[in-house]
Structure formats: C-alpha cells, structure tokens
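Thank you for letting me take this slot in the meeting. Please have the sequence and the model open in front of you, and follow along as I go from residue to residue.

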Amino acid sequence: MADPSVPVHQCPCSTCQTAPDSPTAAYHRQINLLLSRLTEPQRRWYVASLAADPSGPSATQLAVITGLSLPTIRRGVSELATGLPDTPPTRQRAPGGGRPRAEKKIRP
Ligand SMILES: [Zn+2]
C-alpha cells in the first residue's frame, strides 16, 4: 500500500486530465510514484534517463509530468552523460543483504 504521508506529484498534462484511465496517464502516475520514493539526485537522474529514450516523453514533457524544472532535468542529463563524476558509487545495501549464496549441489 502507498504511504499517504509521502506526497506524490499529480501530473497536470492534458492526457491525465481528460483520460485518467489511459495507459499514458497510468505511465505518468507510475513515474511520479517512483519519484516520490527517490532522493533528490536520483529523481533527476531517473527523469534524465527517461528523457534519453527517443520513444519516451521529451525533457519538456517530463518537466510537466514530474514537476521537475527543465534546468534540473537538463542537469541530470549532463550528469548522466559525464558519468556522474561528483557522486562516486556508494554501497547502500545493509551488510548481509541481498540474495542468499547459492548452495553448492555436490552429490556423492
Ligand atoms: Zn500526465
């Protein structure tokens, strides 16, 4: 269940207003739901990766869908293009997290 204390941006685009049951509107809701759970830099990188998809919404459309500003999305695009130089990878998994080690199946 969604946590009602976390605000999810409502897309104001014409498709979401006139056809909220359409696949496009569902897609926009999914984008905003995911964004509501991400940190600030992760939000702009996710939207930047969506903007990079030629079959997906443009950066201008994504600014409307997500409520992120166009300069913020463009910043994410350039950060992704240059390999996120200011943000080295950090391990965020708890120790011992992840998939359990596969048992070796040795039969006599
Ligand atoms: Zn929309």
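Before I name anything, let me give the cut-offs I will lean on: a residue is called buried when its relative accessible area is under 20%, exposed when it is over 50%, and partly exposed in between. Please also keep in mind that what you see is a predicted model.

With those cut-offs we can place His9, whose relative accessible area is 33%, so that it counts as partly exposed. His9 sits in the segment before H1, and if we set aside its neighbours within four places in sequence, it is in contact with Asn32, Val64, Ile65, Thr66 and Gly67. A polar atom of the His9 side chain lies 3.4 Å from the backbone oxygen of Ile65. His9 and Leu33 are 24 residues apart in sequence, while their C-alpha atoms are 7.6 Å apart in space.

Let me step back to the whole chain for a moment. The protein has 5 helices and 0 strands, which along the sequence gives the pattern α-α-α-α-α. Of its 108 residues, 24% are buried, and the accessible surface comes to about 8200 Å², with 57% of that belonging to carbon and sulfur atoms. If we take the contacts between residues at least 6 apart in sequence, 51% of them join residues at least 24 apart.

Now to the metal: which residues coordinate the zinc ion? They are Cys11, Cys13 and Cys16, each through SG, together with His28 through ND1, at 2.0 to 2.3 Å. Along the chain these donors follow the spacing C-x1-C-x2-C-x11-H, and the angles among the 4 donor atoms, 104 to 113 degrees, make the site tetrahedral. Because Cys11 belongs to the segment before helix H1 (14-18) and His28 to helix H2 (residues 23-36), this pair ties together parts that are 17 residues apart in sequence.

Are Cys11 and His28 buried or exposed? Both are buried; for Cys11 the relative accessible area is 10%, and Cys13 is likewise buried, with a value of 13%. As for cysteines pairing with one another, the count of disulfides in this model is 0.

Helix H2 also holds Asn32, a residue that is buried, since its relative accessible area is 2%. Its side chain reaches the backbone oxygen of Ile65 at 2.9 Å, so please recall that His9 has a side-chain polar atom 3.4 Å from the backbone oxygen of Ile65 as well. Not counting residues up to four places away in sequence, Asn32 touches Val8, His9, Gln10, Cys11, Ile65 and Thr66, and that list includes Cys11, one of the residues coordinating the zinc ion.

My last stop is Glu79, which is found in helix H5 (residues 70-81). What is the relative accessibility of Glu79, and how does it count? The value is 14%, so Glu79 counts as buried. Its side chain makes a polar contact with the side chain of Trp45, at 2.9 Å, and, leaving out residues up to four places away in sequence, Glu79 touches Arg44, Trp45, Leu84 and Pro85.

Notes
Residues numbered from 1 in each chain as written. Predicted model: local features only at pLDDT ≥ 70, side-chain atom pairs only at ≥ 80, totals over all residues. Heavy atoms only, no water. Donors = N, O, S within 2.8 Å, 3.2 Å for Na, K, Ca; no water. Tetrahedral: all angles 85-135°; square planar, octahedral: opposite > 155°, others 65-115°. Helix = DSSP H or I, 4+ residues; strand = E, 2+ residues; numbered from the N terminus. Buried < 20%, exposed > 50% of the residue type's maximum accessible area, 1.4 Å probe, protein only. Polar contact = N/O pair within 3.5 Å; in protein donor to acceptor, adjacent residues only side chain to side chain. Contact = heavy atoms within 4.5 Å. Areas by Shrake-Rupley, 256 points an atom, 1.4 Å probe, with all protein chains shown as cover. Disulfide = S-S within 2.5 Å.
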